[in-house]
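Hi,

Here's the structure I said I'd pass on. Have a look at it first, and my notes follow underneath.

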Amino acid sequence: MNDQSEVRLRRLSGCVGAEVSGVSLSGDLTNAQFDAIHRAFNDHSVLVFRNQQLEPDELVSFSRRFGPLEQHVLKQFAHPENPDVFLISNVKEKGKPVGAIRAGQYWHSDCSYMARPTMASVLHALEVPHTGGDTMFTSMAAAYDELSEPMKVFLSGLTAVHDYTNAWDVFFSRVADRPPLSDEDRAKVPPVEHPIVRTHPETGRKVLFVNPGFTRHIVGLTEAESRALLDLLFAHAQQPHFIYRHTWASGDLVMWDNRATWHLAVADYNMEERRHFHRTSIAGDAPY
Ligand SMILES: O=C(O)CCC(=O)C(=O)O
Ligand SMILES: [Fe+2]
């Protein structure tokens with residue numbers, strides 16, 4: 001069935017996101033279909049596939065077409081049958097969350113705190129709340145393009161420190177139901193330094209590569225300069241015309257390019273309603 005079908009695209013916003021139809025991701029994709037999806041991924045940075053019924057192994061097989069997978073620091077939230085699948089979930093069993101609860105409820109690019117940040121993330125919705133729980137995406141390539149020339153010149157040689165524990169300091173310390181980060185997990189994620197402007201290895205576009213979740217400070221600036229400049233860049237990138245907001249239906253599979261976007265899980269839903277997702281992470285390269 002996949003053999004005959006043609007990959008169709010529909011843009012979802014001015015800068016970022018496209019809906020892909022005409023393919024079932026549970027079956028084998030032909031090379032032509034995969035190439036069309038891969039091109040669309042580079043062109044639109046966020047892809048939305050509707051009505052996908054995928055077993056964990058099928059989600060992993062599809063994800064692996066893009067490259068080797070990586071496993072998350074928080075090993076306790078891996079799928080019991082397939083360690084390459086990570087659970088994003090507010091579902092509790094015996095009072096304990098089965099997956100990462102309140103994951104990504106702040107703007108971030110996945111694992112920017114690693115020396116080799118995640119290239120792409122794939123999220124498959126199994127259960128969604130009736131209202132709310134959207135995920136927002138912003139184009140960091142478009143955000144870079146709209147900076148002034150003097151600002152681009154100023155940023156061009158700079159690097160910034162990214163640190164997983166920043167998200168715990170600025171966000172998770174304020175929420176009650178997220179378990180604390182263990183010393184052992186902290187030790188796995190020492191701070192790293194990345195260029196503030198990275199070049200997308202596949203499209204060649206320049207991208208602003210700092211984010212509110214994980215970027216602590218800009219190297220070489222004073223604390224006050226760094227805070228003011230990061231806050232300015234963070235506000236700049238959150239303008240509505242850079243954003244696509246995805247409202248989930250169960251069966252949706254959304255994948256995004258962490259080299260070119262940020263995302264944020266909107267925390268506006270009733271936590272008594274189940275929001276349960278399967279997720280994979282495709283490994284990336286060191287930013288340059
Ligand atoms: O739950 C979501 O909407 C996204 C969570 C997140 O940040 C992620 O899966 O990387
Ligand atoms: Fe995330």
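Let me start with a small sheet. Three strands make it up, running in the order 12-11-15; the sheet is open and the pairing is antiparallel. Strand 12 (192-195) and strand 15 (215-218) sit at the edges with a single partner strand each, so one side of each has no neighbour in the sheet. From one strand to the next, the twist averages 35°. Bear in mind that this is a predicted model.

If you want to see the pairing up close, go to strand 11 (residues 159-162): four bridges join it to strand 12 in the antiparallel sense. There you'll find His 162 opposite Val 192 of strand 12.

Now for helix 1. It covers residues 31-44, and at 1.5 Å a residue its 14 residues should span 20 Å; the end C-alpha atoms are 20 Å apart, so the two agree.

Which residues of helix 1 are buried? They are Gln 33, Ile 37, Phe 41 and His 44. These four cover an arc of only 95° around the axis, which means they lie on the same side of helix 1. The general reason is that an α-helix has 3.6 residues a turn, so residues three or four places apart point the same way. The buried residues of helix 1 pack against strand 2 (18-21), strand 3 (46-49) and strand 17 (253-257). Over on the other side of helix 1, Asn 31, Ala 32, Asp 35 and Asp 43 are exposed.

One last detail: Ser 45 follows helix 1, and its phi is positive, near 70°.

Cheers

Technical notes:
Residues numbered from 1 in each chain as written. Chains lettered and ligands numbered in written order. Predicted model: local features only at pLDDT ≥ 70, side-chain atom pairs only at ≥ 80, totals over all residues. Helix = DSSP H or I, 4+ residues; strand = E, 2+ residues; numbered from the N terminus. Expected span 1.5 Å × (residues − 1). Buried ≥ 20, exposed ≤ 12 C-beta atoms within 10 Å, placed from the backbone. Arc of directions from axis to C-beta. Contact = placed C-beta atoms within 7 Å. Pairing = 2+ DSSP bridges. Axes fitted to C-alpha atoms, helices over the stretch in contact; angles between N-to-C directions.
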